[in-house]
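Here is a short set of exercises to work through with the model open beside you. Try each task before you read its solution.

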Amino acid sequence: MTDRPRHITVCVCTFKRPALLKRLLDELARQETGDGSFSFSVVVADNDREQSAKPVVEAFTATSPVRAVYCVEPEQNIARARNKTLENATGDYVAFIDDDEFPAANWLANLLKTCLARGVDGVLGPVKPCFEEPPPPWATRGRFFERPTHETGWRIDLKEARTGNVLFDRRMVEGMKDPFLPQFGTGGEDVDFFRRMMGQGRVFIWCDEAPVFESVPPSRCNRRYLLRRGLLRGRNNFNNPQGRIEKLVISALAMPLYTLVLPFSLLLGQHVFLRFSIKLCDHLGRFLTMFGLNPVKDRDM
């Protein structure tokens with residue numbers, strides 16, 4: 001690349017969450033480009049055939065100097081929606097952020113600076129919870145909505161690879177058919193993407209100075225949501241064919257162990273009991289999927 005200002009395409013997939021999308025777009029408009037070393041635009045892929053996000057994007061483009069492209073993926077499938085954003089991306093770099101998140105003002109600047117300074121293919125940053133209402137005590141004690149953080153420069157492994165806060169060189173996916181595989185329609189498409197990219201020798205690192213904040217509504221601060229998320233995670237994990245036999249063996253050993261531990265974990269508090277219950281659901285989700293059973297019919301995108 002030359003010394004000209006880089007351009008970043010911010011990719012957003014959305015499904016029937018206009019209020020959250022509006023907040024995200026408003027915060028993106030406040031991004032600091034600092035010394036003018038980069039510019040950015042936005043692509044919004046509406047994964048709703050009824051085009052519920054269109055008025056939000058049109059209102060944004062009418063009042064904001066930031067260019068925004070609106071497109072529709074009528075089949076509800078998160079992988080197809082991500083691919084739709086990439087089809088419309090024109091930047092030197094691509095950044096993904098979820099529609100229920102919003103970034104710090106220096107988000108893009110710090111991601112790009114770290115990527116260029118370290119000479120890597122991509123950079124991931126922290127996703128921090130933003131509770132819409134004070135969470136219940138068990139949620140705080142269990143830290144169920146917190147994610148690991150690392151020092152800037154830490155090399156990402158597959159366990160922490162995701163698209164909720166990432167920037168990468170767009171040349172990495174140029175000419176690639178379906179960078180995100182549609183068979184991962186309810187989740188896991190991002191882990192599969194990074195698995196294939198890392199298999200090609202691509203390097204991704206952490207930037208702790210580029211946080212985004214994830215909205216956590218009261219509807220998520222309950223045990224049912226967390227258990228369903230565990231089942232979904234297990235299902236998506238099984239859908240990845242790599243190491244499938246090994247995963248099933250581990251789950252076959254883990255499920256009776258967690259079942260035995262559960263009654264005793266109650267003595268240590270609700271948060272400990274729930275943590276083991278979620279782990280049990282992770283493994284149970286794999287087994288149910290193997291037998292063609294699907295306990296989680298949809299995905300809260």
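A residue is called buried when its relative accessible area is under 20%, exposed when that area is over 50%, and partly exposed in between (1.4 Å probe, protein chains only). Helices (H or I, at least four residues) and strands (E, at least two) are DSSP runs, numbered from the N terminus. This is a predicted model, in which local features need pLDDT of at least 70 and side-chain atom pairs count only at pLDDT 80 or more, while totals for chains, interfaces and linings use all residues. Residues are numbered from 1 along each chain as its sequence is written, and side-chain values use heavy atoms, with hydrogens and water left out.

**Exercise 1. An enclosed helix**

Task: work out how many residues of helix α3 (residues 78-87) are buried, and which elements they pack against.

Solution.
- Step 1: list the buried residues, which are Ile 78, Ala 79, Ala 81, Arg 82, Asn 83, Thr 85 and Leu 86.
- Step 2: that makes 7 of the 10 residues, so α3 is largely enclosed by the rest of the structure.
- Step 3: look for the partners of these residues, taking contact to mean heavy atoms within 4.5 Å. The buried residues of α3 pack against β1, β2, β4, β8 and α6 (189-199).
- Step 4: inspect the N-terminal end of α3, where Asn 77 acts as the cap, with a side-chain oxygen 3.0 Å from the backbone nitrogen of Ala 79. A polar contact here is a pair of N or O atoms within 3.5 Å; within protein, one must be able to donate a hydrogen and the other to accept it, and residues adjacent in sequence count only if both atoms are side-chain atoms.
- Step 5: follow Asn 77 outwards; its backbone nitrogen is 3.0 Å from a polar atom of the side chain of Asn 47. Asn 47 sits in the loop between β2 and α2 and is buried, at a relative accessible area of 1%.

**Exercise 2. The sheet of 7 strands**

Task: find the strand order of the open sheet of 7 strands, and say which strands stand at its edges.

Solution.
- Step 1: pair the strands, two of them counting as paired if DSSP finds at least two bridges between them. The order is β3-β2-β1-β4-β8-β6-β9, with mixed pairing.
- Step 2: β3 (68-72) and β9 (204-206) are at the edges with a single partner strand each, so one side of each has no neighbour in the sheet.
- Step 3: the twist from one strand to the next averages 20°. For this and later angles, axes are lines fitted to C-alpha atoms, for helices over the stretch in contact, and angles run from 0 to 180 degrees between N-to-C directions.
- Step 4: check the β9 edge, where 3 bridges join it in parallel to β6 (residues 122-124). Within this pair, Leu 124 has Trp 206 as its bridge partner.
- Step 5: add the helices. Helix α4 (residues 107-118) packs on the sheet and makes about 135° with the direction of β4, while helix α2 (residues 54-63) lies across β2 (38-46) and β3, at about 165° to β3.

**Exercise 3. The sheet of 3 strands**

Task: establish which strands are at the edges of the open sheet of 3 strands.

Solution.
- Step 1: read the order, β5-β10-β7, with mixed pairing.
- Step 2: β5 (101-103) and β7 (127-131) are the edge strands, each pairing on one side only.
- Step 3: examine β5 and β10 (residues 212-216), which run antiparallel and share 3 bridges; Phe 102 is partnered by Phe 213.
- Step 4: place helix α1 (residues 18-28), which lies across β5 and β10 at about 10° to β5.

**Exercise 4. A helix pair and a buried asparagine**

Task: describe how α7 and α9 pack, then decide whether Asn 236 is buried or exposed.

Solution.
- Step 1: α7 (residues 223-239) and α9 (residues 270-290) pack at about 35°, with axes 7 Å apart.
- Step 2: turn to Asn 236, which is in α7. Asn 236 is buried, at 9% relative accessible area.
- Step 3: beyond its neighbours within four places in sequence, Asn 236 contacts Phe 184, Thr 186, Gly 187 and Gly 188. A polar atom of the Asn 236 side chain lies 3.4 Å from the backbone oxygen of Gly 187.
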